[in-house]
Amino acid sequence: MNVGIVGSGYVGTTLAACLADFGHDVINVDVDESVVRQLNDGDSPISEPGLDDLLDRYAGASLFATTDYADLANVDVVFLALPTPTNDDGSIDTAYVEAGAEALGGVLADIEGYPTVVVKSTVVPGTTADVVGPILERESGLQVGVDFGLAMNPEFLREGSAVEDFQHPDKLVFGTTDDRALDALESVYASLLDDVPVVRTGLSEAEMIKYANNAFLAAKISLINELGNICKEYGVDAYEVADAIGLDDRIGEEFLRSGVGWGGSCFPKDVAAIVAAAREQGYEPALLQAAIDVNDRQPERMLDLLDTHVDVAGERVAVLGLAFKPHTDDVRNSRAIPIIEGLQARGAEVVAYDPDRGAVETMRERFPDVEYLASASPTLSGAQAALVVTDWPEFEALDREFDLMSGDVVIDGRRVVERRDGLTYEGLTW
């Protein structure tokens with residue numbers, strides 16, 4: 001098939017590379033000329049395992065990037081994969097999606113046949129039908145369900161494993177308004193249909209499934225963190241407790257590692273958005289708000305543990321991990337941000353290290369006064385205390401590097417460091 005993608009951020013780039021790998025001819029439209037050049041050169045604008053290999057294989061062949069919407073004239077399906085950032089009240093800002101729909105609507109009438117427009121962006125229920133559809137109709141002079149199809153196909157990609165998640169998904173969700181739009185989506189994902197559960201549903205249901213999915217997982221993490229905090233008070237090993245309850249198939253073993261909390265671009269944004277949307281409808285989502293509150297408190301709990309062992313005013317303190325999770329350069333809503341803010345408020349001299357240089361450079365823009373070093377050893381050297389914030393595999397191997405510290409306090413927010421003699425070790429929830 002000929003597939004168009006509007007947007008080449010995290011989702012759009014992964015979508016483009018993986019659909020090219022499925023055998024489709026892909027045209028990716030983006031307003032940023034430098035990103036377009038990168039894609040056509042086979043270089044990924046984001047850090048994601050496996051993505052560079054796919055782009056190197058297909059760029060210039062079955063994958064082409066452009067700034068011109070007119071290049072979409074021959075597509076069968078076009079995805080809107082544009083950001084929906086958070087407003088101050090937690091609601092989503094649909095400006096990028098609306099702008100993309102307007103630009104696409106301007107060329108939609110030039111596309112032959114029955115093109116299908118698929119919203120891939122995360123949007124609250126009603127957005128595809130009540131916002132995107134009318135914009136497309138207004139700009140094109142065409143009618144949904146008569147001249148073109150409209151669909152919603154949420155993504156469930158995890159940063160650090162997005163390519164693997166796309167190629168081997170847990171499920172596919174097709175929200176459509178008519179059979180032709182459904183047929184188009186099934187053709188796009190034809191290579192997966194025999195092996196993956198497919199949910200065929202309406203537009204609003206598909207939109208809500210994405211929010212429900214992420215809200216449930218975020219709440220599960222906050223719940224295990226709350227239980228871990230209680231375990232800490234009793235001197236109970238929270239991980240042994242989690243291993244036991246995870247054997248109950250009603251609970252499951254995934255997402256039961258208590259720690260410093262969730263961050264990134266999805267969980268914070270999506271939980272805040274569905275809370276804001278619920279309030280707009282007159283419903284107070286107390287449980288989801290509690291999940292947010294628990295998550296927001298975890299970094300401060302980590303700092304409180306540090307305070308019980310050392311006054312860090314004027315002292316060198318090492319922060320290990322800046323990305324919100326390993327194998328990514330994304331620092332959006334990273335738990336390292338409130339940790340560094342809290343250390344600086346306490347008067348500490350903060351030094352930091354992350355294995356991903358992209359994460360370092362982004363964090364440097366936010367915290368220019370922090371010293372960023374090239375590996376764990378010089379970061380720990382001379383430090384009075386260390387805080388482990390991201391569970392990079394590299395940190396699991398650290399041992400004698402802690403002997404380079406001038407102090408011995410290690411506050412572990414991810415349970416990756418082994419307790420041993422010579423360290424004053426505190427796990428966050430155990």
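**Salt bridges in the predicted model**

Glu139 is partly exposed, with a relative accessible area of 35%. In this predicted model, the side chain of Glu139 is paired with that of Arg138 in a salt bridge, in which the closest N and O atoms lie 3.0 Å apart. Arg138 has a relative accessibility of 51% and is therefore classed as exposed, since the exposed class begins over 50%. The acidic member of this pair is thus partly exposed, and the basic member is exposed.

A second salt bridge joins Arg158 to Asp165, with an N to O distance of 2.7 Å. Arg158 is partly exposed at 46% relative accessibility. Asp165, by contrast, has a relative accessible area of 10% and is therefore buried, the limit for that class being under 20%. The salt bridge between Arg158 and Asp165 accordingly links a partly exposed arginine to a buried aspartate.

A third pair consists of Arg250 and Asp248, whose side chains meet in a salt bridge at 2.6 Å, N to O. Arg250 is exposed, with a relative accessibility of 73%. Asp248 has a relative accessible area of 23% and counts as partly exposed.

Salt bridges also occur in a linked arrangement. Glu300, Asp304, Asp307 and Arg346 belong to one network of such contacts. Arg346 is the arginine of this network, and Glu300, Asp304 and Asp307 are its acidic residues. Over the model, the count of salt bridges comes to 25, including those of Glu139 with Arg138, Arg158 with Asp165 and Arg250 with Asp248.

Conventions
Residues are numbered from 1 along each chain as its sequence is written. This is a predicted model: local features need pLDDT of at least 70, side-chain atom pairs count only at pLDDT 80 or more; totals for chains, interfaces and linings use all residues. Side-chain values use heavy atoms; hydrogens and water are left out. A salt bridge is a side-chain nitrogen of Lys or Arg within 4 Å of a carboxyl oxygen of Asp or Glu. Buried means under 20% relative accessible area, exposed over 50%, partly exposed in between (1.4 Å probe, protein chains only).
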